[in-house]
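Q: I am new to this structure and should be grateful for a close look at one part of it. Please describe the surroundings of the aromatic rings, and then say how the neighbouring parts of the chain are arranged.

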Amino acid sequence: SFFCIASKVSAYPELAREIIRRGHSLENHTNSHPYGFAFFGPRKILREIESAQATICEVTGVAPMFFRAPMGFRPPFLAPAAERSGLCCTTWTRRGFDTFARHPEPVLRQLMRGLAAGDILLLHDGRPNRPNKNAQIILEVLPRLLEHLRTHDLKSVSLTAACNHGTGL
């Protein structure tokens, strides 16, 4: 599942449609990823979520089913806004801190230690890793992580697929 910022979906519509064409899910991560999101009131939260929902649906033809808040912070007014928008709020069970790491190894260790079926991994694409002179650690992490999944008989699936197969996520 790709949690996308709707302004980026608008900027890269073909990429967003390609995500869907390849069988992945494209989910709602707000319209603009405001850093103050956790402090917004109910109207402003709803506006961020609904405008993102409309943009993503217009570009891809598919309405997101899940919402992930910026930085994972879930303000008190989030649940009613997400429910009103028909979205299920989600977060992650494992975070590799890929946007802060200087090398791929700590990210891999963080993600792979005790990794089990049902885990939801948080990885970032498109945001340069600042401490590493804007190198994207994820480009080194992802192939190794996918190989680890394969060798441990684990499969990467979308949240939609996981929820439709009774995993209770």
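A: The account below begins with the aromatic rings and then turns to the loops, the cores and two of the helices.

The model is a predicted one. It contains two aromatic pairs. In one of them, the ring centres of Phe 37 and Phe 67 are 6.0 Å apart and the ring planes meet at 40°, so this pair is tilted. The pair connects distant parts of the chain, its members being 30 residues apart. Phe 37 belongs to the loop between strand 2 (26-28) and helix 3 (42-60), whereas Phe 67 belongs to strand 3 (residues 66-67). Phe 37 and Phe 67 are both buried. Through ring pairs, Phe 37, Phe 40 and Phe 67 are joined into a cluster. A charged side chain also has a place here: Lys 44 lies over the face of Phe 40, 4.4 Å from the ring centre.

The cluster has a wider setting. Phe 37, Phe 40 and Phe 67 are among the twelve residues of the largest nonpolar core. The other members are Ile 45, Leu 46, Ile 49, Ala 69, Leu 78, Ala 81, Ala 82, Leu 87 and Cys 89. Helix 3 and helix 4 (78-84) each contribute at least two residues to this core. Ile 45 may serve as an example of the packing. If its neighbours within four places in sequence are set aside, Ile 45 is in contact with Phe 37, Phe 40, Pro 75, Phe 77, Leu 78 and Ala 81. Another core, of ten residues, lies apart from the largest one and includes Val 107, Leu 108, Ile 137 and Leu 149.

The loop that holds Phe 37 deserves a closer reading. Thr 30 is also placed in the loop between strand 2 and helix 3. Its relative accessibility is 0%, and Thr 30 therefore counts as buried. Not counting residues up to four places away in sequence, Thr 30 touches Cys 4, Ile 5, Ala 6, Phe 37, Glu 48, Ala 52, Phe 67 and Pro 70. Both rings of the tilted pair, Phe 37 and Phe 67, are thus among the residues that Thr 30 touches. A polar atom of the Thr 30 side chain lies 2.8 Å from the backbone nitrogen of His 33. The backbone of Thr 30 is notable as well: its phi is positive, near 80°, in a residue other than glycine. Most residues other than glycine have a negative phi.

Gly 36 is found in the loop between strand 2 and helix 3 too. With a relative accessibility of 28%, Gly 36 counts as partly exposed. From Gly 36 to Gly 118 the distance is 30 Å, C-alpha to C-alpha, and the two are 82 residues apart in sequence.

Arg 68 lies in the loop between strand 3 and helix 4. Arg 68 is buried, because its relative accessible area is 9%, under the 20% limit. Its contacts, leaving aside neighbours within four places in sequence, are Phe 3, Asn 28, His 29, Thr 90, Thr 91, Trp 92 and Leu 122. The C-alpha atoms of Arg 68 and Pro 42 are separated by 16 Å, with their positions 26 residues apart along the chain.

Helix 5 (residues 104-112) offers a further view of burial. Its buried residues include Pro 104, Val 107, Leu 108 and Leu 111. Viewed down the axis of helix 5, the buried residues fall within an arc of 95°, so they line one face of the helix. An α-helix has 3.6 residues a turn, so residues three or four places apart point the same way. The partners against which the buried residues of helix 5 pack are strand 5 (94-95), strand 6 (121-122) and helix 6 (138-151). Two of the buried residues, Val 107 and Leu 108, are also named in the core of ten residues. After helix 5 comes Gly 114, with a positive phi near 75°.

Phe 97, in the loop between strand 5 and helix 5, has a positive phi of about 55° although it is not a glycine. Phe 97 is partly exposed, with a relative accessible area of 37%.

Finally, Thr 160 lies in helix 7 (residues 159-164). Thr 160 is buried, with a relative accessible area of 18%. Not counting residues up to four places away in sequence, Thr 160 touches Ser 25, Glu 27, Met 65 and Phe 66.

Definitions and conventions
Residues numbered from 1 in each chain as written. Predicted model: local features only at pLDDT ≥ 70, side-chain atom pairs only at ≥ 80, totals over all residues. Heavy atoms only, no water. Phe/Tyr/Trp six-rings, centres within 6.5 Å; stacked < 30°, edge-to-face > 60°. Helix = DSSP H or I, 4+ residues; strand = E, 2+ residues; numbered from the N terminus. Buried < 20%, exposed > 50% of the residue type's maximum accessible area, 1.4 Å probe, protein only. Lys NZ or Arg CZ within 6 Å of the ring centre and 35° of its normal. Polar contact = N/O pair within 3.5 Å; in protein donor to acceptor, adjacent residues only side chain to side chain. Contact = heavy atoms within 4.5 Å. Core = buried A, V, L, I, M, F, W, Y, C linked by side-chain atoms within 4.5 Å. Arc of directions from axis to C-beta.
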